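Take a look at the protein and the ligand it holds. We will walk through the surroundings of that ligand step by step.

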Amino acid sequence: MAIIGFIGLGNMGGGMAANLVKAGHEVRAFDLSPPALAAAVAAGCQAVAGAAEAAAGADAVVTMLPAGKHVRQIYETALVGSAKAGTLLIDCSTIDIASARAVAAMAQAAGLEVVDAPVSGGIAAAQAGTLTFMVGGSADAFALSEPILAAMGRAVIHAGPTGAGQAAKICNNMLLGATMIATCEAFVLAQKLGLDPQTFYDISSKASGQSWSMTSYCPVAGVGPETPADRNFQGGFATALMLKDLKLAVEAAQGADASIPMAANAAALYQAFAGLAGGALDFSAIITLLDGRLTR
Ligand code: NAD
């Protein structure tokens, strides 16, 4: 079993580190938040005093941090100078592709192995060990990362070279944001045209308008499987995180000269929604902006 440093023990990282412990790894954990660190210790991790200590002597180091600037800072100030040659650095945060490539280049120049490995699946999947990992890096680095990631997820997919994991994550979530808004719009219009929401669901879930946003995450309470809509949009995938991912897509598209008008509109709508309702509600709550429950 491996010695694994783990930095960033928040909503996602806490459950992921606990699953590495359950798989028999020695996990050396660090977070700026004392309560997050205490929860990790209760789950069987060893607390260390800083990110550099988490990396020293480790076989692998996992980071699960809010954004690119945090990952760059930790790589620059702690990991690259402290990890021994050959250590595998795995960044599971969702970050911009430029930052993912920059930290990978820095790590490789210091003789370290590195992958970007963002996840699909929320807090419940992090706790249950059922995340999907989209991995960017060399074939060798992917092979090293696979058994470690498998302890935290049920699918580990090699997306391509460095940055490809982040590219897959950004494109997937841009699709999710746009289809959720389209699904909300369809339910709102269907109801205004006199259709019962359940009847519309029964038809569209078996017709060409079907999507994951409709059949697995229906934004209408009481329709389809249980979703955050049935809990007043508490829990689930926060609006602030969807907005973050859509902004990453817009930024990536600008850098790649790609036209993404649907995603750009989705980003603008989520920005407006977050301005009115805050960022904490589940992202499917955007239906309340479209159906007039949330006043503009
Ligand atoms: P979070 O804010 O709950 O956790 C981040 C943790 O990082 C916090 O505990 C914070 O104290 C710690 N941290 C920040 N800077 C640090 C530093 N310099 N040193 C040590 N610790 C530091 O966020 P989260 O929900 O766990 O998300 C983490 C990442 O996963 C994000 O990139 C997010 O976009 C991505 N993600 C989240 C979800 C989700 O449903 N929450 C789903 C998929 C992907």
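Domain bounds here come from an automatic or database domain assignment. The shell around the ligand draws at least three residues from each of domain 1 (3–161) and domain 2 (167–290). This is a predicted model, where local features need pLDDT of at least 70, side-chain atom pairs count only at pLDDT 80 or more, and totals for chains, interfaces and linings use all residues. Residues are numbered from 1 along each chain as its sequence is written, and side-chain values use heavy atoms, with hydrogens and water left out.

How many residues surround the ligand? There are 24 (each has a heavy atom within 4 Å of it). The closest are N11, M12, D31, L65 and K244. By class, eleven are nonpolar, ten polar and three charged. Asp, Glu, Lys and Arg count as charged; Ala, Val, Leu, Ile, Met, Phe, Trp, Tyr, Cys and Pro count as nonpolar; the others, Gly among them, are polar.

Now find the helices, which are DSSP runs (H or I, at least four residues) numbered from the N terminus. α4 (68–82) and α11 (239–256) each supply at least two shell residues. α4 gives the largest share, three residues.

Next come polar contacts, pairs of N or O atoms within 3.5 Å. A backbone N or O atom of T94 lies 3.0 Å from a ligand oxygen. For P66, the distance from such a backbone atom to an oxygen of the ligand is 3.2 Å. At L32, a polar backbone atom is 3.4 Å from a ligand nitrogen. The protein covers 85% of the 840 Å² of accessible area that the ligand has on its own (Shrake-Rupley method, 1.4 Å probe).

Terms used:
Polar contact = N/O pair within 3.5 Å; in protein donor to acceptor, adjacent residues only side chain to side chain.
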